[in-house]
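Student: I would like a close look at one part of this model, starting from a single residue and working outwards to its surroundings. Please give the cut-off behind each term as you use it.

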Amino acid sequence: MQQAETLLTLAERDLEIARLARQLDEMPEKTAILELRHKIKEIEALSQRARRFMEQANATLRRLEDEGSSIEAHFQTEQAKATSGETSDHKELQNLARELDSLRKQKDRKDTETLKQMECVEAGQAKATTIEASLAKAHAREAQMVATFRERGGALQGRLDALSRERAAMAALIRPSLLERYEQARALKHGIGVGTLVGSTCSVCRIELPAERAQALREDAHRTNDPIGTCPNCHRILIVREDGR
Amino acid sequence: MKRATLYTDGGARGNPGPAGIGFVLVSEAGDELAAAGRYLGETTNNVAEYEALLAGLCAARAVGADELLVRADSELVVKQMRGEYRVKHPNLKPLFVRAQELVRGFALVRFEHVRRAENARADGLANDAMDCQGDVGTWKAEPDGASRCQQSLWEVS
């Protein structure tokens, strides 16, 4: 009988634990935190994209600057050649002038491209800074919300922890085979593993058993001095108390 | 003319599974006339939703409401009661018939589908009933209204 009563008390604790866990789970603060975390993930993805964009944009800028410098160097060399007086051939001088003109145009185009790329990098940097600021703001808000959740949910969590400890101590008092049977029933039967026979009704599934089945359960319990049976309807553990509670 | 709003919710943990109902009856002035939850044993979600409606309608009748706005988060129940869906399931038919009988006792009943968040109180009562495997709630009807209401509620089953 002692085992049966302990099991029923354990079942009560389990229901209370489930209720508190649900309350904790459904706290508006928790929902808000989960929503914010979802948003943070989106901002992080955006920030990663912005970083990738900036890497590419900076690489392009460096390439353009290198190409610009190379054209400039080439231009300087050719100009030096043209002004050194080493070349006197009219045709060669004409060719040099054309080459210098072409290099000047190339340099101008490169400078324009470089300027555009610089503007692109600046705009990207501004956007990346805004994204990073939003991310930092969201993280700060998250920390604040977690603190509020901990403060408000702290009492619930404390009670939940205490009940869990109480439950563990209680479970240790129940013989392992019965506890295993209870846990299996609980897992299979939506969190409720044990009921009592009230009159001829199972207190959990609320199905009224045929009078002879209820009587047989009572007689079995009396004969074996073991009040622990099984509900023929829902197959949960059914405790048959002598006073019919 | 006594107008009221009825919020109902029924739920089962598992389908079927341990089930409960909850309802809240609110007067036109916003006073809570009745609020209760009840454990049903093992049944389906839809049966629980209908049981919640029946219990709420009985409570509304007991407090003398004659114009009722029923707000439920079960689209099935709302649409079936409005005649937009047919009732095919044999387990739901008798409950639907009983609900229609009760509806005929009022001058006017309107059904409105609401989101779960707007039905939090009834949902909470249904969950509390499931948690304690028993009846929960308070009744704030006129002094002798409570017993009549309670009786009406229990006679539904």
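Tutor: A:E72 counts as partly exposed because it has 15 C-beta neighbours inside 10 Å; with C-beta atoms placed from the backbone, a residue is buried if 20 or more others lie within 10 Å of its own, exposed if 12 or fewer, and partly exposed in between. The model is a predicted one, in which local features need pLDDT of at least 70 and side-chain atom pairs count only at pLDDT 80 or more, while totals for chains, interfaces and linings use all residues. Residues are numbered from 1 along each chain as its sequence is written, and chains are lettered from A and ligands numbered from 1 in the order in which they are written.

A:E72 belongs to helix α2 of chain A, which covers residues 28-83; helices (H or I, at least four residues) and strands (E, at least two) are DSSP runs numbered from the N terminus. Although A:K107 is 35 residues away along the chain, its C-alpha atom is separated from that of A:E72 by 6.8 Å.

Further along chain A, helix α5 (residues 211-224) shows how a single helix is divided between a covered and an open side. Its 14 residues reach 20 Å from first C-alpha to last, close to the 20 Å expected at 1.5 Å a residue, where the expectation is 1.5 Å times one less than the number of residues. Buried in α5(A) are A:A214, A:L217 and A:A221. Viewed down the axis of α5(A), these buried residues fall within an arc of 60°, so they line one face of the helix; the arc is that of the directions from the helix axis to the C-beta atoms. On the face turned away from that buried side sit the exposed residues A:A211, A:E212, A:Q215, A:E219, A:H222 and A:R223. The cover over the buried residues of α5(A) includes three strands of chain A, namely β1 (194-198), β3 (228-230) and β4 (237-239). Just after the helix, A:N225 takes a positive phi of about 55°. A positive phi also occurs at A:H235, a residue other than glycine, where the value is near 65°; A:H235 is found in the loop between β3 and β4 of chain A and is partly exposed, with 13 other C-beta atoms within 10 Å.

Turning to the partner, nine residues of chain B are in contact with 11 residues of chain A, contact being C-beta atoms, placed from the backbone, that lie within 7 Å. On the side of chain B that touches chain A, β2 (17-27) and β3 (32-43) of chain B each supply at least two residues, and β3(B) gives the largest share, three residues. By class, that side has two nonpolar, four polar and three charged residues (Ala, Val, Leu, Ile, Met, Phe, Trp, Tyr, Cys and Pro count as nonpolar, Asp, Glu, Lys and Arg as charged, and the others, Gly among them, as polar). For the complex, the predictor gives an ipTM of 0.72 and a pTM of 0.67.

Chain B itself has five helices and six strands, which follow the pattern β-β-β-α-β-α-α-β-α-β-α along the sequence. Of its 157 residues, 49% count as buried. In the loop between β1 (3-12) and β2 of chain B lies B:P16, and the peptide bond from B:N15 to B:P16 is cis, with omega near 5°. B:Q133, in the loop between α4 (120-132) and β6 (136-139) of chain B, has a positive phi near 50° and is partly exposed, with 19 other C-beta atoms within 10 Å.

Confidence in chain B is uneven, on the predictor's per-residue pLDDT scale from 0 to 100: the chain averages 87, and 87% of the residues score at least 70. Among its elements, helix α5 (residues 145-156) of chain B has the lowest mean pLDDT, 40, and strand β4 (residues 67-72) of chain B the highest, 97. Over residues 140-157 of chain B the pLDDT is below 50, and beyond near neighbours in sequence this stretch has 29 contacts in the model. Where pLDDT is low, the predicted coordinates should not be read in detail.

Methods: Two residues are in contact if their C-beta atoms, placed from the backbone, lie within 7 Å.
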